Protein chains: 2
Amino acid sequence: MSITAPTDAEADLLGRTGFRLVELGKVALTLADAALAEYGLTGRHLRVLTLAAGGVPSQQGMSERSGIDRTTLVAMLDDLERHGYVRRRRDPADRRRHLVELTDAGAAVLGTAAEVLDRVEDDLLGPLPAAERRRLGRTVAKILDDRGAGGELPVVEC
Amino acid sequence: MSITAPTDAEADLLGRTGFRLVELGKVALTLADAALAEYGLTGRHLRVLTLAAGGVPSQQGMSERSGIDRTTLVAMLDDLERHGYVRRRRDPADRRRHLVELTDAGAAVLGTAAEVLDRVEDDLLGPLPAAERRRLGRTVAKILDDRGAGGELPVVEC
DNA sequence: TATTGTTATACTCTATAACTATA
DNA sequence: TATAGTTATAGAGTATAACAATA
């Protein structure tokens with residue numbers, strides 16, 4: 001038994017590395033979403049935007065690669081298109097498909113978002129000594145790589 | 001500018017420590033929820049259960065301490081009560097209030113849950129060298145403590 | 001017949017407002 | 001009048017099923 005008495009149950013839970021990792025993930029996402037909001041983006045939108053930039057053309061392909069449901073993608077691409085970040089065109093070679101193309105504004109906002117995320121990460125991890133911060137990055141990458149098939153795609157979703 | 005070309009945007013995002021921390025948090029929660037499911041619990045239920053065990057008696061108090069909305073708490077306590085883990089009693093001193101008491105079954109499941117979470121954490125972090133695993137725990141705790149007011153309560157919610 | 005994108009629908013989670021009973 | 005718990009309702013976010021166009 002890992003806890004000594006019921007009254008210590010709260011401290012036991014809150015003190016767990018696993019619990020703290022969940023907390024930290026939420027904080028990281030909350031900070032990122034808040035910082036990206038002024039550009040009409042969330043972390044999830046940004047993920048989709050990088051897919052459009054990375055040369056995954058069809059919506060089906062983007063869905064398979066990211067794990068985001070293809071019906072969910074429709075609304076997200078609507079958002080991105082409304083902000084002028086992407087453009088949908090019928091694929092002349094297969095008129096069922098949409099080619100999702102990054103606009104100039106989309107490319108620009110990707111650069112901006114990278115800077116925004118740099119600042120968010122500095123805010124979150126800046127207080128750490130540089131060596132500890134690098135070590136954290138390596139450790140976290142290692143844990144995820146151990147689990148993921150190829151380590152390239154997200155383990156859960158998005 | 002942090003990215004060299006639009007086509008590298010995906011690798012840039014996925015390779016960020018911030019992004020990986022979000023991923024890792026999701027993985028940790030997914031594993032915990034899956035392992036706890038057989039006891040009718042989620043991580044969030046477990047958080048509420050530890051509050052009942054920790055001597056926070058009224059639902060209002062539990063809400064304030066955990067950041068979980070008091071209306072959300074109602075349904076969660078219904079779940080816990082249905083599983084026989086807690087019992088609600090009118091406070092004789094203030095008949096508006098409910099005293100939320102841990103049952104024997106609730107105390108038992110808390111012990112079991114602690115073991116379950118130990119296993120989940122071993123599954124997730126076991127592949128790391130012991131020293132690196134300890135260091136990760138300390139680093140993550142430090143980051144959260146730097147942000148939280150007292151460091152005792154969750155920074156975001158639950 | 002299968003695939004792509006879309007829409008309609010439903011389900012989960014959470015939050016807001018309103019209600020009751022007590023103080 | 002204020003507070004504790006509850007219920008009703010609505011809003012995100014996401015998933016499932018059905019549909020139209022195309023292969």
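**DNA strand D**

Start with DNA strand D and select helix 5 of chain B. This helix gives the largest share of the surface near the strand, four residues. Keep in mind that the model is predicted.

Now widen the selection. In total, 18 residues surround DNA strand D. Pick out the closest: D69(A) and R95(A) from chain A, then Q59(B), Q60(B) and T71(B) from chain B. Next, color by element. Helix 5 and strand 2 of chain A each supply at least two residues of this surface, and so do helix 4 (59-66), helix 5 and strand 2 of chain B. Color by class after that. You should find two nonpolar, seven polar and nine charged residues near DNA strand D.

**DNA strand C**

Move to DNA strand C. Which residues are the closest to it? Select Q59(A), Q60(A), D69(B), T71(B) and R95(B); they are the closest of the 18 residues that surround this strand. From chain A, the elements that give two or more residues here are helix 4 (59-66), helix 5 (70-82) and strand 2 (94-102). From chain B, they are helix 5 (70-82) and strand 2 (94-102).

Highlight helix 5 of chain A. With four residues, it gives the most to the surface near DNA strand C. By class, this surface has two nonpolar, seven polar and nine charged residues.

**Helix 3 and helix 4 of chain A**

Stay on chain A and show helix 3 (residues 43-53) with helix 4. The two pack at an angle of about 125°, and their axes are 10 Å apart. At that angle, helix 3 of chain A is oblique to helix 4 of chain A. Helix 3 of chain A passes helix 4 of chain A in a right-handed crossing.

Turn on side chains at the contact. Helix 3 of chain A brings R47(A), V48(A) and L51(A). Helix 4 of chain A brings M62(A), R65(A) and S66(A). That contact has three nonpolar, one polar and two charged residues.

**Where chain B meets chain A**

Zoom out to both chains. Here 59 residues of chain B are in contact with 59 residues of chain A. On chain B, select helix 1 (9-14), helix 2 (17-36), helix 3 (43-53), helix 6 (104-125) and helix 7 (130-147); these elements give two or more residues to the side that touches chain A. Which helix of chain B gives the largest share? Helix 2 of chain B does, with 14 residues. Recolor this side of chain B by class: 33 residues are nonpolar, 12 polar and 14 charged.

**The axis**

Finish by superposing the chains. A turn of 180° and a shift of 0.0 Å along the axis lay chain B on chain A with an RMSD of 0.1 Å. That is the relation of a two-fold axis. To find the axis, select G25(B). Of the residues of chain B, G25(B) comes closest to the rotation axis, its C-alpha at 2.3 Å. The same surface serves both copies, and 100% of the contact residues of chain B recur in chain A.

Note on methods. Residues numbered from 1 in each chain as written. Chains lettered and ligands numbered in written order. Predicted model: local features only at pLDDT ≥ 70, side-chain atom pairs only at ≥ 80, totals over all residues. Contact = placed C-beta atoms within 7 Å. Nonpolar A, V, L, I, M, F, W, Y, C, P; charged D, E, K, R; others polar. Near = placed C-beta within 6 Å. Axes fitted to C-alpha atoms, helices over the stretch in contact; angles between N-to-C directions. Parallel < 35°, antiparallel > 145°, perpendicular 65-115°, else oblique. Left-handed = near helix turned anticlockwise from the far one by under 90°. Least-squares fit on C-alpha atoms with pLDDT ≥ 70 in both.
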